[in-house]
Amino acid sequence: QVQLVESGGGLVQAGGSLRLSCAASGTTFRISAMGWYRQAPGKQRELVATMHNSGSTDYADSVKGRFTISRDNAKNTVNLQMNSLKPEDTAVYYCYTKLNYGMNTWRDAWGQGTQVTVSS
């Protein structure tokens with residue numbers, strides 16, 4: 001199993017920046033991708049950004065050009081630099097990882113979530 005611990009959430013004014021970090025421990029050799037989802041009150045959880053082991057990235061259209069995901073594979077960490085924050089970015093942000101168990105078997109692991117609040 002993989003355990004994920006997030007840090008870095010908080011309260012910021014619109015236009016400000018925050019940096020989220022997530023550290024993985026456990027059977028980290030199974031990690032094939034790491035990234036971030038978020039869930040705002042009354043809304044479904046949505047993908048924010050993900051980075052695969054290959055280095056390729058995916059971003060939600062709403063954060064392109066403002067958020068940057070990065071990974072340190074040696075330390076099994078993933079970071080999310082969030083700039084030009086907007087009130088609509090307010091949500092609980094969850095670190096996640098996709099784990100490869102072989103034989104076409106994949107599982108997801110999730111962090112506990114960290115609150116990001118952007119005031120107008």
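This report describes the salt bridges of a predicted model, with attention to the burial of the residues that form them.

## Salt bridges and their network

The predicted structure contains five salt bridges. Arg38, Glu46, Arg66 and Asp89 are joined to one another in a network of such contacts, and two of the pairs that involve arginine 38 are described next.

## Arginine 38 and its partners

Arginine 38 is buried, its relative accessible area being 6%. Aspartate 89 pairs with this arginine through a salt bridge between their side chains, with an N to O distance of 3.0 Å. Because aspartate 89 sits in the loop between β8 (77–82) and β9 (91–100), whereas arginine 38 belongs to strand β4 (residues 31–39), the pair ties together parts that lie 51 residues apart in sequence. Aspartate 89 is itself classed as buried, with a relative accessibility of 0%, and the value of 6% places arginine 38 in that class as well.

Glutamate 46 also makes a salt bridge with arginine 38, in which the closest N and O atoms are 2.7 Å apart. The surroundings of this acidic partner can be stated separately: glutamate 46 has a relative accessibility of 35% and therefore counts as partly exposed, since the partly exposed class lies between the buried limit of under 20% and the exposed limit of over 50%.

## Aspartate 61 and lysine 64

A further salt bridge links aspartate 61 with lysine 64, and here the closest N and O atoms are 3.1 Å apart. Aspartate 61 counts as exposed, its relative accessibility being 65%, whereas aspartate 89, at 0%, counts as buried.

How values were computed. Residues are numbered from 1 along each chain as its sequence is written. This is a predicted model: local features need pLDDT of at least 70, side-chain atom pairs count only at pLDDT 80 or more; totals for chains, interfaces and linings use all residues. Side-chain values use heavy atoms; hydrogens and water are left out. A salt bridge is a side-chain nitrogen of Lys or Arg within 4 Å of a carboxyl oxygen of Asp or Glu. Buried means under 20% relative accessible area, exposed over 50%, partly exposed in between (1.4 Å probe, protein chains only). Helices (H or I, at least four residues) and strands (E, at least two) are DSSP runs, numbered from the N terminus.
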